[in-house]
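Q: Got a minute to go through this model with me? I'd like to start with one helix and then move on to contacts.

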There are 4 protein chains.
Amino acid sequence: MTKRKIINDPVYDGFLSVDDPVILQVIEHPWFQRQRRIKQLGLTYLVYPGAMHTRFSHMLGALNLIGRALEVLRQKGAEITDEECRGAKLAILLHDIGHGPFSHTSERVLVDVPHEEITLLMMQRINEEMGGALDIAIAIFSNTYHKHFLHQLVSSQLDMDRLDYLGRDSFFTGVSEGIVGTDRIISMLNVHDDELVVDEKGIYSVEKFIISRRLMYWQVYMHKTVIAADQLLLSILRRAKELNLSTFNFQLSTFDLDRFAEVDDDDIMVAVKHWQHSGDEILSTLCKNLVNRRLPAIRIANDPFADVQSSYFEGTGELHNRSYDFNDQEIKVLYKDGRCLPISEASDQLDRHFLEKQVIKYYHFYPKEF
Amino acid sequence: MTKRKIINDPVYDGFLSVDDPVILQVIEHPWFQRQRRIKQLGLTYLVYPGAMHTRFSHMLGALNLIGRALEVLRQKGAEITDEECRGAKLAILLHDIGHGPFSHTSERVLVDVPHEEITLLMMQRINEEMGGALDIAIAIFSNTYHKHFLHQLVSSQLDMDRLDYLGRDSFFTGVSEGIVGTDRIISMLNVHDDELVVDEKGIYSVEKFIISRRLMYWQVYMHKTVIAADQLLLSILRRAKELNLSTFNFQLSTFDLDRFAEVDDDDIMVAVKHWQHSGDEILSTLCKNLVNRRLPAIRIANDPFADVQSSYFEGTGELHNRSYDFNDQEIKVLYKDGRCLPISEASDQLDRHFLEKQVIKYYHFYPKEF
Amino acid sequence: MTKRKIINDPVYDGFLSVDDPVILQVIEHPWFQRQRRIKQLGLTYLVYPGAMHTRFSHMLGALNLIGRALEVLRQKGAEITDEECRGAKLAILLHDIGHGPFSHTSERVLVDVPHEEITLLMMQRINEEMGGALDIAIAIFSNTYHKHFLHQLVSSQLDMDRLDYLGRDSFFTGVSEGIVGTDRIISMLNVHDDELVVDEKGIYSVEKFIISRRLMYWQVYMHKTVIAADQLLLSILRRAKELNLSTFNFQLSTFDLDRFAEVDDDDIMVAVKHWQHSGDEILSTLCKNLVNRRLPAIRIANDPFADVQSSYFEGTGELHNRSYDFNDQEIKVLYKDGRCLPISEASDQLDRHFLEKQVIKYYHFYPKEF
Amino acid sequence: MTKRKIINDPVYDGFLSVDDPVILQVIEHPWFQRQRRIKQLGLTYLVYPGAMHTRFSHMLGALNLIGRALEVLRQKGAEITDEECRGAKLAILLHDIGHGPFSHTSERVLVDVPHEEITLLMMQRINEEMGGALDIAIAIFSNTYHKHFLHQLVSSQLDMDRLDYLGRDSFFTGVSEGIVGTDRIISMLNVHDDELVVDEKGIYSVEKFIISRRLMYWQVYMHKTVIAADQLLLSILRRAKELNLSTFNFQLSTFDLDRFAEVDDDDIMVAVKHWQHSGDEILSTLCKNLVNRRLPAIRIANDPFADVQSSYFEGTGELHNRSYDFNDQEIKVLYKDGRCLPISEASDQLDRHFLEKQVIKYYHFYPKEF
């Protein structure tokens, strides 16, 4: 009798059913389990208290979606072997495994290696442990596999990663802007000339997806209070490093995968709590502010801020958002008559002007009076 | 201009709006913010990965519900002053503030003081700091306030605490069994002879509420894998205490509120990760098992297990569940003709036989072969 | 290229995808399309304005669920041929096709043939038209097919009919009591000794299902105002028949399937509007009352009403509800150790006492003063 | 004791509570009850089977929303008397009362009076019957009331009408594109210089609202199969009129409000079913096609179709969609610093280019081969 695991997930129908022993083995791997202790959205929970969801749940959610997508593509005649199915599933399951705690912040101070590289290192190590079971997965992830559309399911402008995180982040923050017709989009996927494309009927859903992503950027991912909290954590990590207090420093030259895999959100937060009692007043003040959620004030403007003194308590920065990238490979729409057009030409809603527009905003954070 | 804070919450309509300065001050208190780092359901996330929600979000959710309930009661003619409204809100806002990390487990080893007592101690201290602003809240919480129904909103068999946690736990676990018609129940609340009662029309909703709670017990709160995880953590804490490694021990005689308030889920988990490298093989094995989610096997039976050797790796225990308590004060139903009957008499669905039935089950956990 | 039809459905993920040409042909049949004009819950929309949903949508919803159930059973090793899959799908798709307008009311006055019989007659006629394509479906529907569990998917105490209508009626009325973990229950289905059973892990979900159904009876299906509206329509149809005005009379001896298939909700309502202007004052009064929603008063009691004069404007009746029927075949639970027990023995929540209890209530409707 | 009516609504929390006796009286009016028999989206249910919801439910939903909006505005300091509250509520409650069956189609053939005019006529008549209770409501509806923002709640580019129908149509069709953060938008409403405005924080939600509305146009309101069905009904009504068979003709010169109020969806559909048996082959063919859902084929293009012969079975037309109208009064955003800018200037997402773009498409319907 096959071992079958049911993994509960409030986002999609309540659960995901897994029975592939190789996938189950990867899920049980300590490095995968570690992602239970790394929040998907870092400090965002300070603004959206429900946003405590983990990378672990996101990676399983993406696995759920790619399973459905592969089924749809097969039904429409795409040739995908069972081995390739497993490979694509493993690729998306592991696509974020290299993330450390508060990645977007910590990568700027602590870790001198991009998380994508760490992901590949970890995939390779797990592959060794499992006797090559991840060979296809790694090829798909690295985009060296000959069936290109499988990579696009894992990483492209319409990949299962984005589909899952938009829906999931929307669910846990309560921001309805990110609700996307996930099932509808997936049912419209198709393969044409080795490219992942969308059937004509799915064009409006794709437009909605692009716009939702854009709105989620401003409502959640770049919410100004989240930026303020990130800046505070950044200052803490910088100060601790300067004082040689941090034990979470990783450089590429001496990169120790096992040591890296031991660090998660909890370690950072416990260190921050500990440093509240540091003799260094700057560090202790910063840490007390984060622990008790006394965040810097922040303002946003369309033009850069001039004459701002940079310190641990004050500074400036830029926010970027582009809903859709023309330099990247475009999402393509497949018409009934066989034509295949990029969404920027196919859509009446999203003309190039709109899609291309990159919004840049500027922020200035500074001490709030308490 | 009044300061107004909007707190996002995915469970109810997306958000809660607060403008009472006293309530805002309490929410900003470090002891309240600390509950952001204590999960509502402890280790349940090892079974339901979405269940990362915190006591912080629950306490705000209960505040949301009591606000609506007070409005309904006033509309139906109950006399409630503005001061009493604030008092009831503060009472429910703080009703869980005394919880420490993994309370149900840690109270059996580390903390020799029930969390209800710690809650009262913390409320009293905050009250001092705020010059008596919590006087009414504390009276309502302690059930010494002359309007008894206000206490019942905070703590009774149909209080806003239970209403919130059932809906919230259901939302984050994805177990639909706990979905309760919260708005409907609240709209049916009334006051009769200083008792919180339910209008006749709400009888079915109350039945549903009682049954849902019962089902959530078995599906979530007493899920056997959660019990297994709790047992594992319990063994860890006991072993660490025996080895004099734990720094989280609190006794009533020497209880230090400030020290207690510094400990949260993160500290426990970081300690467990640290103890993986302990020289004590029992402790290190237990800790590795928890960190990597290698949980004990567990079986449940209707009769006690005999001849089980108790150790750090094996043991037995009991599970209790009673959907409704007759020894406690009953939920009462108010009829249009003025009669007021306990739900056990009013309901055709839930006869006393069913309501009273206390289910006891027995469990046996033991090492799983890996 | 296969013709594929996507049918939108707000209840499950937004849509259902159908590509079997036989099933598509049945859906396009005029008798099936006619069910678009027959509401699932008759006059219930006078109490729950959202409950305008049709038997058409229910029958497609049940098709959706049986498709998932068949997939689950096959994955667990049940032998089901493609022909049998189609047969089971067609059986549930057509299981309600014999319903006329306001069946539960009209069957008491207008139609002297139970809707189950009409369903079979219609299935047989469509089968003739389609050259025997429904042979297996009819056998499954009539419970003469040798694989008994297929019939149980269509008609039993845990069939896809009930699963769909509970969820659907709950969705459109807004009564959360009927929300059932449909996907979870379906994922727990299994086949054991040619019986449809539920895996051990699904026991709580089945309990929830039984209880939800019971609560939906009182909240929706037997809501007293719905009963009052039904009584009013019944009086109208009786009076119109007495006056030889009704053109919707069907007797078994002269049953004309084609004529019957022409009548739907719209005809009844247009006739009622027309009869508002009848010379018969009783009829015109009754009709004006229904059109303008001036419903009779109604009261419910645990004992029969005595000394009530029966008329077109006043009368009495009984309401029955039993959540679960012991005389019918029981829902069975399959344990990991191979045992298979009826739910009444397997459940700790639902003991026989509770399950068996048949609640009877009595109603008295009478003219309301306007 | 006040009479209180709870009206169930699956779209918002399950229900709406009404206790104003004047509003209750209007809801009970036969002309209001008649809207139970007129579907909000006409023949759209032929594409989205769940879309059976009525104008009755929409008008109550809009009442629900305006109630919340008025409360928010009062809390923010807007001066609104109780009489004005009632007036605004009655205005939105009745804003669609003049709709006849399949308005958008029937207005082109049967009814020579725009539904807005009929609405006003009906409001005036009800006002007479109720001794002037609707005076303020009519002034607000007609935009002659001195507090302009009250009219904007009822009719503007961000009125409660649109907010309700977007959410409601999305709910019943299952098209998630229309899900709007209704509560969030309402909580952001404000009044500035007698204008209804949106607080700065609500800017992204308003963008989402505008975009959602645009997407709902293409996904639902102008779905090509719905257009095809509308064309078929239009041909039927035209042919019946030509043959002097229609009894549903209304001209302004002889407009009979009482006669008009007797006609609803059911009458049209029963007539269509009746005309299936007409001696006129064109009419009978058209009617059979509609009854059995054999809709014309339809294609959509960006350029007009040339050389199409117009007949009862074939023809062409245009579709328009503009998400936002610059000629109409713009939605305005109120900043913390007191500035008040139109959304087209305030938004980074929606620049004028995008907002202004009116998409025109062309369709050609023609007989499908069966």
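Here is the chat about it.

A: Sure. It's a predicted model, where local features need pLDDT of at least 70, side-chain atom pairs count only at pLDDT 80 or more, and totals for chains, interfaces and linings use all residues. Residues are numbered from 1 along each chain as its sequence is written, with chains lettered from A and ligands numbered from 1 in the order in which they are written.

Q: What span should helix H3 of chain B have?

A: At 1.5 Å a residue (times one less than the number of residues), its 21 residues, 55–75, should span 30 Å, and the end C-alpha atoms are 30 Å apart, which agrees. Helices here are DSSP runs of H or I with at least four residues, strands are E runs of at least two, and both are numbered from the N terminus.

Q: How many residues of H3(B) are buried?

A: 16 of the 21, so H3(B) is largely enclosed by the rest of the structure. Buried takes 20 or more other C-beta atoms within 10 Å of the residue's own, with C-beta atoms placed from the backbone.

Q: What comes just after H3(B)?

A: Gly77(B), with a positive phi of about 100°.

Q: New topic: how many residues of chain B are in contact with chain A?

A: 34, in contact with 34 residues of chain A; contact needs C-beta atoms, placed from the backbone, within 7 Å.

Q: Which element of chain B gives the most to that side?

A: H14(B), with five residues.

Key
Buried ≥ 20, exposed ≤ 12 C-beta atoms within 10 Å, placed from the backbone. Contact = placed C-beta atoms within 7 Å.
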